[in-house]
Amino acid sequence: MLGQRGRDDGGGREGARRFVRALPALLIAGGVAYDLSTPPRFTAAPLFAAAPLVAAPLFAVWATLLSGSFAVLAVLFLHLGNGTLGEVQALTEILTVVVVAALALLINRVVRRSGERLASARVIAETAQRAVLPTPAERIGGLQVAARYEAAQEDAFIGGDLFAVQDTPYGVRLVVGDVRGKGLGAVEAVAVVIGAFREAAEQESSLEGVAQRLERALAREGTRRDGLDAFEGFTTAVLAEVVRGEAVVRVVDRGHPEPLMLYADGSVALLEQVEPALPLGMAELGAWPDRAFEVPFPAGATLLLYTDGLSEARDAAGVFYDPVARLSGRLFPGPDAVLDALVSDVRRYTGGGATDDLALLAVSRPAEGQPERRRTMPVVP
């Protein structure tokens, strides 16, 4: 039923688009038919004037010019055929359509320039996203890796959600986080957190030390920012570490949604921290020492880290999305398949009405004897 309704909606939208694109020609044809079927004192000038105005935001400049030219010629030849070309009303109608056609060309120019600026802004935003949140390699330190960033608003790009993966002398280290707030301030904080993580992941011997480095980096950022964010800014984050040669993962959770472990038999476990800690950037409220906890990470299992755009997604009745229940009993060939299934399932669950951005990071330990996949294109490390 859902698939059929989706096809019906898609067909309806396509039909509406075709009708709108044909509207300038239909207006001119309707104006001609109206004029030929009514006495000369009735005028179809509004229909002719509307044609180039409809074409202006929809078509290129040549198509807008063509619509205006046909509209003017239609009025001219109709009055010529009626023998009223020399009358004041005829000259007024022709002049009106000419002026409106000229205005339509101006509107088309403005719309095209706005579209070019918007396209440029999208390119800049996408470039910024790739710079701040580069796509991790498909294989890092013997692990299979996949990441997704899904903006809540269509055509929007980076916001306050973040992820990063780093291969270090201490193992493969990961972070997924969510910066409080939106806009450029959040993007700046994302850059600070990721920059601090990449440096600390290489230098700190413990995952707890990495978390403390992030805490200090955000504290420095807070002192230079003005307004509310200087006092109330914080970032929820979960850090993980997979040591080479050990079938375990260490986790430090700083007020972030708990990671999931998807096992090869289809079972799903929620990795809850026994002693909850405050989000990063809130150290002044209390001292909770970071303590990493350790859980098995067997071959064939997938570690899933995500932001609250997943756990707080709601359906039409306001019921929260439960990733444990939705993923339990399902088998996936790799991390890419896990994230593809999650993104599609969340869209169906919310009806496409997600209210928060969503960052996903999945890391799989290959099953015994599983061949390494070849990359078909270069990726940004």
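# Close-up views of a predicted model

Of the 381 residues of the chain, 42% count as buried. The model is predicted.

**View 1. The chain as a whole is made of 10 helices and 11 strands.** About 19900 Å² of the chain is exposed, and carbon and sulfur atoms supply 60% of that area. Among contacts between residues at least 6 apart in sequence, 71% join residues at least 24 apart. The views that follow take up two sheets, a helix and two buried residues.

**View 2. An open sheet of 6 strands has antiparallel pairing and the order β1-β2-β11-β10-β7-β8.** Its edge strands are β1 (139-140) and β8 (268-270), each of which pairs on one side only. Strand β1 runs antiparallel to strand β2 (residues 143-150), and 2 bridges join them. Within this pair, Arg139 stands opposite Gln144 of β2.

**View 3. Helix α10 (residues 335-350) lies across four strands: β2, β7 (260-262), β10 (302-306) and β11.** The helix runs at about 25° to β2. At 1.5 Å a residue, the 16 residues of α10 should span 22 Å, and the end C-alpha atoms are 23 Å apart, which agrees. Just after the helix comes Gly351, with a positive phi of about 65°.

**View 4. The buried residues of α10 pack against strands and against other helices.** These residues are Pro335, Val338, Leu339, Ala341, Leu342, Val343, Asp345, Val346, Tyr349 and Thr350. The strands they pack against are β2, β7, β10 and β11. The helices they pack against are α8 (308-311) and α9 (323-327).

**View 5. Arg365 lies in the segment after β11 (358-364).** Arg365 has a relative accessible area of 16%, and it counts as buried because this value is under 20%. A polar atom of the Arg365 side chain lies 2.8 Å from the backbone oxygen of Phe297. Leaving aside residues up to four places away in sequence, Arg365 touches Leu143, Val242, Val243, Glu246, Ala247, Val248, Phe297, Pro298, Ala299, Gly300 and Ala301. Phe297 therefore appears both in this list of contacts and as the residue whose backbone oxygen lies 2.8 Å from the side chain of Arg365.**View 6. A second view of sheet structure shows an open sheet of 5 strands with the order β3-β4-β5-β6-β9 and antiparallel pairing.** Strands β3 (161-168) and β9 (293-296) stand at the edges with a single partner strand each, so one side of each has no neighbour in the sheet. From one strand to the next, the twist averages 20°.

**View 7. Strand β4 (residues 171-179) and strand β5 (residues 235-242) pair in the antiparallel sense.** The pairing runs over 8 bridges. Leu174 has Ala240 of β5 as its bridge partner. For Val175, the bridge partner in β5 is Leu239.

**View 8. Strand β5 is largely enclosed by the rest of the structure, because 8 of its 8 residues are buried.** In a regular strand the side chains alternate between the two faces of the sheet. In β5, Thr235, Ala237, Leu239 and Glu241 point one way. Thr236, Val238, Ala240 and Val242 point the other way. The residues of both sets are buried.

**View 9. Strands β5 and β6 form a hairpin with 5 residues between the strands.** The two strands pair in the antiparallel sense over 6 bridges. Ala237 stands opposite Arg254 in β6. In the hairpin, Gly245 takes a positive phi near 80°.

**View 10. Asp253 has its place in strand β6 (residues 248-254).** The relative accessible area of Asp253 is 6%, and the residue counts as buried because this value is under 20%. The side chain of Asp253 reaches the backbone nitrogen of His256 at 2.8 Å. Apart from residues up to four places away in sequence, Asp253 touches Ala237, Val238, Glu258, Pro259, Gln273 and Ala277. Thr236 is 17 residues from Asp253 along the chain, and the C-alpha atoms of the two are separated by 8.2 Å.

Notes:
Residues are numbered from 1 along each chain as its sequence is written. This is a predicted model: local features need pLDDT of at least 70, side-chain atom pairs count only at pLDDT 80 or more; totals for chains, interfaces and linings use all residues. Side-chain values use heavy atoms; hydrogens and water are left out. Buried means under 20% relative accessible area, exposed over 50%, partly exposed in between (1.4 Å probe, protein chains only). A polar contact is a pair of N or O atoms within 3.5 Å; within protein, one must be able to donate a hydrogen and the other to accept it, and residues adjacent in sequence count only if both atoms are side-chain atoms. Contact means heavy atoms within 4.5 Å. Two strands pair if DSSP finds at least two bridges between them. Axes are lines fitted to C-alpha atoms, for helices over the stretch in contact, and angles run from 0 to 180 degrees between N-to-C directions. Accessible areas come from the Shrake-Rupley method with a 1.4 Å probe; for residues, only the protein chains shown count as cover. The expected span of a helix is 1.5 Å times one less than its number of residues.
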